[in-house]
Amino acid sequence: MAAVSRALSALRLDARRLPPLAASARHNSNRAAISHLHRQHYGRLYPILLVKTDGSTVRLRYKEPKRILMLPLDSSTLPEAERKARLRKQFPSRPKAEAEETFEGIDLGTYKRFWKK
């Protein structure tokens, strides 16, 4: 009986040495992840489609999970007309103010039924 009580007391001592529930036993980048992983780099490479400036595409692996990655277009290599067209598309002009409606061209007799008597 004494041997059993010694074994149980040893188990109780080992149970006291364990860290409390609030402490984390994981010592990596996921130890405080509640909403999302807080890391600068993803753990793997993801397949993406790289679109070059001439329109050709290449499949490769990238560090962030994206579908398409487009390279920027160098506007100095474009013809003048196409460069101006792209600039106009990028920075559209302000819409012109429309002329206000006047009541001169409206026949008020057609709307007489909607007036209150």
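**A three-stranded sheet, two helices and a nonpolar patch**

Three strands make up an open sheet here, ordered β2-β1-β3 with mixed pairing. The edge positions go to β2 (57-62) and β3 (68-70), each with a single partner strand, so one side of each has no neighbour in the sheet. On average, neighbouring strands of this sheet are turned by 35 degrees against each other, direction ignored. Keep in mind that this is a predicted model.

**The chain overall**

- The protein chain has two helices and three strands, and reading from the N terminus the elements go α-β-β-β-α.
- Of the 117 residues in the protein chain, 4% are buried.
- Take the contacts between residues at least 6 apart in sequence: 0% of them join residues at least 24 apart.
- About 11,900 Å² of the protein chain is exposed, and carbon and sulfur atoms supply 57% of that area.

**Inside the sheet**

- Strand β1 covers residues 46-51 and runs parallel to β3, with three bridges joining the two.
- For a residue-level handle on the β1-β3 pairing, look at Val51, whose bridge partner in β3 is Met70.

**Leu78, ahead of the second helix**

- Leu78 sits in the loop between β3 and α2.
- Its relative accessibility is 18%, so Leu78 counts as buried, because the cut-off for buried is under 20%.
- Leaving aside residues up to four places away in sequence, Leu78 touches Leu73, Arg83 and Arg86.
- Both of those arginines also turn up in salt bridges: Arg83 with Glu80, and Arg86 with Glu82.

**Salt bridges**

- Side chains of opposite charge can pair when their charged atoms come close.
- There are three salt bridges in the structure.
- Glu80 and Arg83 form one of them, with their closest N and O atoms 2.5 Å apart. These two are three residues apart in helix α2, so about one helical turn separates them.
- Glu80 is partly exposed at 43% relative accessibility, and its partner Arg83 is also partly exposed, with a relative accessible area of 26%.
- Arg86 meets Glu82 in another salt bridge, at 3.8 Å from N to O. Here the spacing is four residues in helix α2, so Arg86 and Glu82 are again separated by about one helical turn.
- Both ends of that pair count as partly exposed: Arg86 has 45% relative accessibility, and Glu82 has a relative accessible area of 37%.
- Lys66 and Glu64 form a salt bridge too, their closest N and O atoms being 3.9 Å apart.
- Lys66 is partly exposed at 36% relative accessibility, and Glu64 is partly exposed at 30%.

**A nonpolar patch on the surface**

- Six residues, Phe103, Ile106, Leu108, Tyr111, Phe114 and Trp115, form a nonpolar patch on the surface. Together they have about 700 Å² of accessible area.
- Trp115, one of the patch residues, lies in the segment after α2 (80-90).
- With 47% relative accessibility, Trp115 counts as partly exposed, because exposed would take over 50%.

Definitions and conventions:
Residues numbered from 1 in each chain as written. Predicted model: local features only at pLDDT ≥ 70, side-chain atom pairs only at ≥ 80, totals over all residues. Heavy atoms only, no water. Patch = residues over 30% accessible without salt bridge, like charges linked within 9 Å, V, L, I, M, F, W, Y side chains within 5 Å. Areas by Shrake-Rupley, 256 points an atom, 1.4 Å probe, with all protein chains shown as cover. Salt bridge = Lys/Arg side-chain N within 4 Å of Asp/Glu carboxyl O. Buried < 20%, exposed > 50% of the residue type's maximum accessible area, 1.4 Å probe, protein only. Contact = heavy atoms within 4.5 Å. Pairing = 2+ DSSP bridges. Axes fitted to C-alpha atoms, helices over the stretch in contact; angles between N-to-C directions.
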